[in-house]
Structure formats: structure tokens, C-alpha cells
Amino acid sequence: MELTQNRAVLDWIDQMVNLCQPDSIVWIDGSEAQLEELRAQAVATGELTKLNEEKLPGCYLHRTAPNDVARVEDRTFICCRKQEDAGPTNNWMDPQEMYAKLKKLYTGAMKGRTMYVIPYSMGVVGSPFAKYGIELTDSIYVVLNMAIMTRVGQAVADVIGDDFVKGLHAKADIDPANRYIVHFPEDNTIMSVNSGYGGNVLLGKKCFALRIASYLGRQQGWMAEHMLILGVENPQGEVRYLAAAFPSACGKTNLAMLIPPEVYAKQGYKVWTVGDDIAWMHIGEDGRLYAINPENGFFGVAPGTNEKSNPNALHTTMKNTIFTNVAHNLDNNTVWWEGLDKNPPENAEEWTGKKVNGKEWVAQGNKLAHPNSRFTAP
């Protein structure tokens, strides 16, 4: 059942269906009933494991292939007509050459599978700063993550125009030699193949919100930046916002989720998270700088997240969260990762699914959770 009559959308989907040849097509309407049905399907096939409903309500564990556990910069391309437009740090290939290469990899890649059509919004639906996209994928994991990380469904389909960002993702064979995450900024298009992991396949995140958005921002006079946004209010009720860019893995999420020290909280200082990863920045009519967080959830690194380092992040993971490549505590059907506490579970499966004594495994210098294991939390 199509959610839109937009010809530009439907024609493009028809072309991708002809290319990938899925057995069936399902439009994601964003309803809890549909998402719950997909969760149940993924549990039935073993793609997801449902966790302890009392301790971690609505939470699931997922494992990716051991060769597919991180964003792959060397397989990530920007394909525009002029090489210098791709920027000094990105891999470039001529768009026509790359399209020809990808066409072979996508041909029949969804035979025997379902293609899910995800209309999604970066930013609040209907906001003047929001941008819309459609991701086509053969992965329920992608659908469920996109439903946390972005706004998805009928509300987006109702407002989507002809200038939407086209996104095609196929798991194909998860073959690292043929893994590509490709951006065609001049065509508003993102194509990802042979990965099932996070930032390679959740096309709203780095692919759209940073890479394609940087190009759109350059055309339209705004900026897409890898920055947290934090709100601060003093006891007099004055509000200020802080945007900050840090390299990966040095505390962006921790600063974004700051809690005022007790001495300041008592005086009436308040702090809140607007975003922990990406900021879309516009100069307002008053000449001041404004920013939105285009995302709707957190895709955080699990190891090192604990009650001391980042209590807010830990608390967001306590319900309706998807954990990827962390350890499974078989005694109480919960999860564990390095740095959570000093008590690794004895009866455990490490991140690839191998059954181990977690205490002995860690004592021998092994990791129970992958160092880049993740949580996707609302």
C-alpha cells in the first residue's frame, strides 16, 4: 500500500525495484503496530534477540557479521563531476563509473527478500529546517534503527516533495571486497551495499545529515556540522546554547548529556541535551546563529558508558533500545560491555555469539563486547 502519490518518489522506487528484484515491497507507515510486527519477525528469524522485559523493556540485541562492525572510510566515496568538489579528505570516483559498478552489485540483490520503503525526516516534520528522504532497504534492523534515529512514516510521506534524498541499501552478501557507501551529491542520492552495520546503512546519519547536507548547505547558505548542541539556563532564566565539535571518541556525547554539579543545580542552573552528534546551522533573520539536531535518537558507543561516565546515556538505554555487538548475559537475559561495571557475567555469549565464561574471558585479555559496539536509543 503506497503512502504517497508523489510521481517522482514512485517512479524512482519502480526503477530500484526493477534493479534489485525484491519478492515483495512494504511501506513503513511509522505505526507502533507495524514496527512491533517487524520486531517479532526479526526475533523469529534470529536477526534480533528479545531481552529481559522487566529489566530492559522493549530492548533487543543484534549481531552484525564479524567483518562488518564499523564505518568503512576506505569504502566510502563522494562521486561528483569534478574531483575537487569531493573535498581533500574524501575518496572520489567519476559518477558514471561508480553507477556502472554499483548496478552490477544491486542487480537481483533483493531476490527472495522484502524491500522496505522508509519515508523519513531529518528534523521535526514540517519544520522549515527539516529535510526529507526515502531509504529503500532489505533489512528489518535498518527499519527499526531508522524508526529510532529519525522521524519515519505517513507524516513524512504526506509532506515529501520532489527534492527528497534518495537512499538505496542492500545487504547483498555482506562481502567486504564489494562493500560501498557512495554519495552522489549532485543527484541527491546515497547508495550502500554489502554492509549491515550502523553508519554504513542508516543512511539518514553520516550519509545524509553530514555528507549530503554539507553539499546542500553549500548550495543553500547553511552548514551541516559534526557538533553537539547543549542548552544551558542560568538562575535568572537566561538561556544560551553551546555547539561543539570534537573528534570521534573523545566525549561529545558525554558533554552533550552534562548534568549540572550539585552546587550549581541548587542555585537553579539547568542543562539539557539538544543533540549529541550533528548540528544543522542557519543564520537567522536577526543575524544570529541557530541550530537544530536533525536526528531523533542516540547511536552511541556502548563500551565505557556507565553510571559514572554518563548516567544520562546509560538511562536512555534502559528501554526501547537496540544493542549491537555487545555481550549477552544468559543468566538474566540482559547485556554487558567493558566499562559498564567490574562484574562481567560468567554465563555469557561474547559479541560474535560464542558461549564463554565472561570472567575468565576478560581475565585472559579478551573483549566481551566489540570496542565499537553500539546502542540505538530514543
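Biologist: What percentage of the 378 residues in the protein do buried residues make up?

Modeller: They come to 51%. Buried here means under 20% relative accessible area, exposed means over 50%, and partly exposed is whatever falls in between, using a 1.4 Å probe and protein chains only. One caution up front: this is a predicted model, where local features need pLDDT of at least 70 and side-chain atom pairs count only at pLDDT 80 or more, while totals for chains, interfaces and linings use all residues. Residues are numbered from 1 along each chain as its sequence is written, and side-chain values use heavy atoms, with hydrogens and water left out.

Biologist: What makes the protein as compact as a globular protein of that length?

Modeller: Its radius of gyration is 21 Å, close to the 21 Å from the globule rule for 378 residues, so the description fits. That radius is taken over C-alpha atoms, and the rule is 2.2 Å times the number of residues to the power 0.38. The C-alpha trace spans about 55 × 55 × 40 Å along its principal axes.

Biologist: How many helices and strands does the secondary structure come to?

Modeller: There are 11 helices and 24 strands. Both are DSSP runs numbered from the N terminus: a helix is H or I over at least four residues, a strand is E over at least two.

Biologist: Why does A213 count as buried or exposed?

Modeller: A213 has a relative accessible area of 0%, so it is buried. The residue lies in helix α7. Leaving out residues up to four places away in sequence, A213 touches F208, W222, A224 and W280, where contact means heavy atoms within 4.5 Å.

Biologist: And T150, in the loop between α4 and β8: why does that one count as buried or exposed?

Modeller: T150 has 3% relative accessibility, so it goes down as buried. Residues up to four places away aside, T150 touches Y120, S121, M122 and N296.

Biologist: How far does the backbone oxygen of M146 lie from a polar atom of the side chain of T150?

Modeller: The distance is 2.7 Å. A polar contact is a pair of N or O atoms within 3.5 Å; within protein, one must be able to donate a hydrogen and the other to accept it, and residues adjacent in sequence count only if both atoms are side-chain atoms.

Biologist: What makes S139 a cap for the N-terminal end of α4?

Modeller: A side-chain oxygen of S139 lies 3.2 Å from the backbone nitrogen of Y141.

Biologist: Why is α4 called mostly covered?

Modeller: Look at the count: nine of its 10 residues are buried. Among them are I140, V142, M146 and M149.

Biologist: Which residues touch the most other members of the largest nonpolar core?

Modeller: I118, F208 and W280 do, out of 41 residues. At least two residues each come from α2, β6, α4 and α7, and α4 gives the largest share, eight residues. A nonpolar core is a set of buried Ala, Val, Leu, Ile, Met, Phe, Trp, Tyr and Cys residues joined through side-chain atoms within 4.5 Å. Apart from this core lies another, of 36 residues, including W12 and I160.

Biologist: What is I118 in contact with, leaving aside neighbours within four places in sequence?

Modeller: The partners of I118 include I28, V142, V143 and M146.

Biologist: How do you know that β13 pairs with β14?

Modeller: Two strands pair if DSSP finds at least two bridges between them. β13 and β14 have six, in the antiparallel sense, with G231 having Y241 in β14 as its bridge partner. Their hairpin has five residues between the strands, and G237 there takes a positive phi near 85°.

Biologist: How many bridges pair β13 with β15?

Modeller: Five, again antiparallel, and I229 has G275 in β15 as its bridge partner. As for cover, five of the six residues of β13 are buried.

Biologist: In which sense do β7 and β9 run?

Modeller: They run parallel, joined by four bridges, with L136 opposite L168 in β9. Five bridges join β9 to β11, also in parallel, and A170 stands opposite V193 in β11. Strand β9 is mostly covered, with five of its six residues buried.
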